[in-house]
Every structure is written in C-alpha cells, then in structure tokens.
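Colleague: Please give me a close look at one strand and its pairing. Then work outward from there, step by step.

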Protein chains: 2
Amino acid sequence: MTTYQRLVLASRPQGAVLATDFRLETATVAPLKDGQVLVRNHFLSLDPYMRMRMEDVKSYAAPQAIGETMIGGTVGEVVESKHPKYAAGDTVVGMLGWAEMGVCDGMQLRRVDATHVPLSAYLGAVGMPGMTAWYGLTQIIAPKAGETVVVSAASGAVGSVVGQLAKLRGCRAVGIAGGAEKCAYVVDELGFDACIDYKAGNLAADIKAATPDGIDGIFENVGGTIFDTCLARMNPFGRIALCGLISGYDGEPMTISNVRNFLTMRLSMRGFIVSEHIELWPQGLGELGGLVAGGKLKFRESVAQGLAAAPEAFIGLLKGRNFGKQLVKLV
Amino acid sequence: MTTYQRLVLASRPQGAVLATDFRLETATVAPLKDGQVLVRNHFLSLDPYMRMRMEDVKSYAAPQAIGETMIGGTVGEVVESKHPKYAAGDTVVGMLGWAEMGVCDGMQLRRVDATHVPLSAYLGAVGMPGMTAWYGLTQIIAPKAGETVVVSAASGAVGSVVGQLAKLRGCRAVGIAGGAEKCAYVVDELGFDACIDYKAGNLAADIKAATPDGIDGIFENVGGTIFDTCLARMNPFGRIALCGLISGYDGEPMTISNVRNFLTMRLSMRGFIVSEHIELWPQGLGELGGLVAGGKLKFRESVAQGLAAAPEAFIGLLKGRNFGKQLVKLV
C-alpha cells in the first residue's frame, strides 16, 4: 500500500490563521478506477484566496470542509494512469490540494510542457495567478498606452504580472509593496516605473508623486487604506479591477471613505474570480507562456521545503513575508 | 428696458447650505444679437447635483462661479427670437438658471410639445431626472425580468422613474424613502412592490424582508448607511448604478464597510453623469414621453412659488422635505 502525507483543515481560524488550524495526516492510495490518474505532486501553490475558503461564510465558493485535504493548485508527474489521455511520466497541473500525492479524474488535469517554461511557473506566471493578472488588466482595466496603472502587492505572483503586462502595453506601471527590498525588485528587475513602500509612512504623498498624471486603472489585491488612498488619485472614467482584499482576510475592517470619487470621477469597479472566465484561459495562458519562454515576463518564487512547512509558509504569505510566488516543494 | 430677477451664488456653503449663500439681483435684458433667443422661464428645476457644483472642488464640471446666476434647468416660452429655428410663443427647455428670464444661443434650447405632456414634466420624468433614471437602469443595471432592483430616494424625481421602469421590465422594485407618507405613495400610487422607511429604525431587517431573493441591482441616490446596508444583500454579479450621494453633499463622512462583498459577490459599480451620454437621450426621452402621455409613468411635484422661494426650496430638497420633483414656478 502506497501512503503519503496530507494536510487537512483542523479548525476555522478566529482572526489570524494559526499552524494549529491544520493537521498533518497519513493517507493511503486506493487502487485506481477506470478514468482515474495518480499524481505525485512536485509543487503546491499557496494563494491568498485559500484564506477566504477557510471561513464558513457565503462567498463565491463553498467553504473548505473541516477534516478534508486543504484545497490548492499543484503541479506534478503522473505515477499511474487509467485514463486514456495520460501516461506515467506526464507533467500535469491539477488541484490536488495540500498533499504529496493524489488521485483524480483525468478531466481535472491539464498536461503541461516543462521544456521552455519551468514546471513551477504553471502555478504562477503561467497559471492561475498570471491568468488573474491578465484577466483583470485586459478585461476590466483595459488600459490604453500612456495611461497609469497602479497595482498593490506588486512583487507578488499576481501583481508582478499586472505591472509587466501594463508596461508591455505602453502604460506607466506603478507598484505598491511592503519594504525597500521588494520595491527595489519591482522597479529594477520587473521594470515598473515606480514602486511605493506602504510601510514607509508617506503613502498619500508617495502615491501622488508616483502618479503625476493621476491613476487610470487600479488592480487591487490588498484593500483598506492602500486602496482608499489610491481612489483619491483616480482620473475620470478610471477602472478598478477588484481581485483581492488581503488586508481584511482576518476580519479587519475593510472600509473605504473615498466613495464620492466614484461619482465625481465616474469610476467603474468590478470584483472578479478568474475561474469563472475559463473561456479566456487559452488566450491568456498563451500570451503568458510565450512571454515567460521568451524571457520577457519575469517572476520570483519563495519556496518552502516539504509539506509540513506549508502552514507556516501560508501564514507568512498572508503577512507579506513571502517574496514573489509562494510555493511548497514536495519532492 | 426689460428687467428680471435672478439669484446668484453669494458664497460657498460651509456644511449645510444657507439661504444667505444666494443673493437676489435685478438684471436687464440686453438687445438680442443674431442667433440669440429671449426666453421667459415658467419653471426652474431644483436638483441635488447643484449642491456639488457649489463646492470649489475637482469634479465632473467646473464649479458654479460666485456672483453668477445659479445654474439650473428651465422650461419656458420664447419672447423674442433672432434665431431662425425659434419664434415667439415656442415652448422650450433650456439651462437658463435661477432666473425669471434669460438670453441664450438657440443651440442651447430644445423645443418641446406641451400638448400631451405637461410643460413641467420636461424638467422631471421626461427631462434630465427621467433620463438619469433611464440611463442608470437600462445601461448599467440592465435588469432581467424577475430580478430585484432597489432604489433610494424612491419618491424623488429620479427614484420614482427608476422603480416604475423596473416594474415595466418585469422586475421586483423596492424603494427606500423617508417617512410613512412617502413610502405609501411609492407603493400605492407608483406601484413599487415594497418601500422601506429609512427613518423607521429597522433598516437592515426591513431591507432583508423586502428583498427575499436578495438584490440584483442598486440605483443609488443617497449613499452612506443606506447604501452600505443594501450592499450586504447583493446577489452574485449584482450591478450598482451610482447616481448620487445626497447624504454626503454637506461633507458628512461617506464610507462603506461592505467592500468585501464586491469581491465575494463579483459586483460591478459605475458612477455616471447623464449629460455625458447625450447620444441616448432621444431613445430614452422617447420612451419616457410615451409613458407619461399614456398615463403609465406617474410623477409628483413639489412646487415653490416665485424665484425668491428657490433657496428655501433647494435647502428643503437637500433635507428630503420635498415630495417628488422639486420645481419653482416663475410666472
């Protein structure tokens, strides 16, 4: 009997997530049925959306069940297949969760080519986070060359792609990140025009200085004061893609006071979930894959080692301790 | 020499508008130049947007100048014309401001037919307020039959049209208004399915009871707590047409706390100014005029008598003391 480790949700967090909200268990692989595939996961993706799923509240998806394997995107290698489209050795993307191995229907997998794009990138710039950036930027903000786009959590898996795609479209890209090191990376390595350190204590003045022509598009990942301060700089007919509100995921107040600007500046805002726009993934992932393979879209990863490290890595992600895409290496 | 009375802005309000912010003056009609038209105004329209124009802040339009005639929509009769398209006796809509008479270019006028639609309605249900309702409902909320649409300031010039148009499109129309008398009018005479008295002290519970299937569209005229409370009832993919924020026009805080719902429910919101969508006015006013002429779109007016009554009538409008469209009768 093959066994593997998995992490289940032990309890729902009260405020900040604790390592004790998860429990490591040993599971056994059952014999495959027809149509099923056994995958050994190489990398697990940790993403902010998981925090919302841990709550038992009405949202766009059912809450994560207590005692079940935590949900999550994975890349790995097929170990055994009873599905005609997959064979042992295939590299695949799936949603096998916080686990070293997993069995799933072939329908839930996507074969990927790790020749020109590193396997882990299919969880980042060429995966759900990259697609999130692509969708919000191209379908909601839809910036014209010369416009100014601001993105929070700019060094992260989503934000880093937003700014680079905006630059490729001829925009002024301005990031917001926490700390001088992340800001230097966003400007020097990712090529943003400017990046504001929200921890430096001069948020409003720094945003104003970095956006001399105002803001035409906001890609919002954080919410709270950062979002509210950006709203005050919006130009007429500005667009806001609301992707995440990580500053409020532990229950902090998530108020905005610059509501008047929505009216006086005729702003539009839309919240979105990229998994609801699957029809655009081939187009978006095609562009992103080409850019990564061609060295025109850069990314950085924080890699935790081994499944047992996932809870602390996830807690760090929610506190902004990661630098770039947060992964867990499983083999 | 023909003289007339006009009201100019004497000072910018500090908080609530005072009657002393306006000054009554006597003006003289200059001889007409070629292309000009002299109009005697029968009615002046008082509208919430004027409050925002009184502030010297960046907005969608230049601020009202101190010492100049207050801006405002008017209907009246041509007294004398040096424009080939207008003749004495024509009934016209214009923007001649808070004044008994005015001279303008013919381009700034629109001839209207008062045979089937009362002249004053061209300042209300078949004018800018009606068009505002039509645009926000049909172009932003775009409700399907069976959906629930909520509108604040429901007995007012805009809100009353929003709900009636929503009913004609097969929606559940729910109003919010101040006081039992207005709420009874909204349901019994305008035909809304329900109307909530925000002064009754049970706002959240009353909104919940009136929207058993949640809310699909909000037409927002008020802002503040009323808006925030409605946000908590939104269904997935709900749409918000942000038309006004009258509860904050004197500088009151205008915060919303239910920002998370924009994300979890994938809401979209757009602020708009109907004068920026002039290309749709013929279509919208055509529908509205037909409905009023056919008795299918009802409205109510509060009419102040004489130009000198305009400041107090305007102050009352901002405080919700009017009942239906606020006009000033000038002849």
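Modeller: Two strands count as paired if DSSP finds at least two bridges between them. Keep in mind that this is a predicted model. By that test β3(B) and strand β15 (residues 325-329) of chain B pair, in the antiparallel sense and over three bridges. In this pair B:F43 faces B:K329 of β15(B).

β3(B) has other partners. Strand β4 (residues 74-81) of chain B runs antiparallel to β3(B), and seven bridges join them. There, B:V37 sits opposite B:S81 in β4(B). Strand β6 (residues 101-105) of chain B is also antiparallel to β3(B), with five bridges between them. In that pair B:L38 stands opposite B:V103 in β6(B).

How enclosed is strand β3 (residues 36-45) of chain B? Eight of its 10 residues are buried, so the rest of the structure largely encloses β3(B). Buried here means 20 or more other C-beta atoms within 10 Å.

Now a helix in chain B. α3(B) is mostly covered, with eight of its 10 residues buried. They are B:G159, B:S160, B:V161, B:V162, B:G163, B:Q164, B:L165 and B:A166. What lies over them? The cover includes α2, β8, β9, α4 and β11 (215-220) of chain B. One of these, helix α4 (residues 180-188) of chain B, lies across β9 (172-177) and β10 of chain B. α4(B) runs at about 170° to β10(B).

Look at the backbone on either side of α3(B). After the helix comes B:G170, with a positive phi near 85°. The loop between β8 (148-152) and α3 (159-168) of chain B holds B:A153. B:A153 is not a glycine, yet its phi is positive, about 55°. Most residues other than glycine have a negative phi. B:A153 counts as buried because it has 27 C-beta neighbours inside 10 Å.

Chain A offers a second case. The phi of A:A142 is near 45°, again positive in a residue other than glycine. A:A142 belongs to the loop between α2 (128-141) and β8 of chain A. Buried or partly exposed? A:A142 is partly exposed, with 13 other C-beta atoms within 10 Å.

Helix α2 (residues 128-141) of chain B, part of the cover of α3(B), also meets helix α8 (residues 281-293) of chain B. Their axes come within 9 Å and cross at roughly 105°. That makes α2(B) roughly perpendicular to α8(B). On the α2(B) side the contact uses B:G130, B:M131, B:W134 and B:Y135. On the α8(B) side it uses B:W281, B:G284, B:L285, B:E287 and B:L288. By type, the contact of α2(B) with α8(B) has six nonpolar residues, two polar and one charged.

Next, a sheet that spans both chains. Its 12 strands form an open sheet with mixed pairing. The order is β10(A)-β9(A)-β8(A)-β11(A)-β12(A)-β13(A)-β13(B)-β12(B)-β11(B)-β8(B)-β9(B)-β10(B). The edges are β10 (194-197) of chain A and β10 (194-197) of chain B, each paired on one side only. Neighbouring strands are turned by 15° against each other on average, direction ignored.

Two pairings show the mix. Within chain A, strand β8 (residues 148-152) and strand β11 (residues 215-220) pair in the parallel sense over three bridges. A:V151 stands opposite A:F219 of β11(A). Between the chains, β13(A) and strand β13 (residues 268-271) of chain B run antiparallel, joined by three bridges. There A:S268 faces B:R270 in β13(B).

The chain contact itself takes 27 residues from chain A and 27 residues from chain B. On the chain A side, the elements giving two or more residues are β12 (234-242), α7 (260-264) and β13 (268-271). That side divides into 15 nonpolar, nine polar and three charged residues.

How are the copies related? A turn of 180° with a shift of 0.0 Å along the axis lays chain A on chain B, at an RMSD of 0.0 Å. The two copies are thus related as by a two-fold rotation axis. Of the interface residues of chain A, 100% are also interface residues in chain B, so the copies meet through the same surface.

How values were computed. Residues numbered from 1 in each chain as written. Chains lettered and ligands numbered in written order. Predicted model: local features only at pLDDT ≥ 70, side-chain atom pairs only at ≥ 80, totals over all residues. Least-squares fit on C-alpha atoms with pLDDT ≥ 70 in both. Contact = placed C-beta atoms within 7 Å. Helix = DSSP H or I, 4+ residues; strand = E, 2+ residues; numbered from the N terminus. Axes fitted to C-alpha atoms, helices over the stretch in contact; angles between N-to-C directions. Nonpolar A, V, L, I, M, F, W, Y, C, P; charged D, E, K, R; others polar. Buried ≥ 20, exposed ≤ 12 C-beta atoms within 10 Å, placed from the backbone. Parallel < 35°, antiparallel > 145°, perpendicular 65-115°, else oblique.
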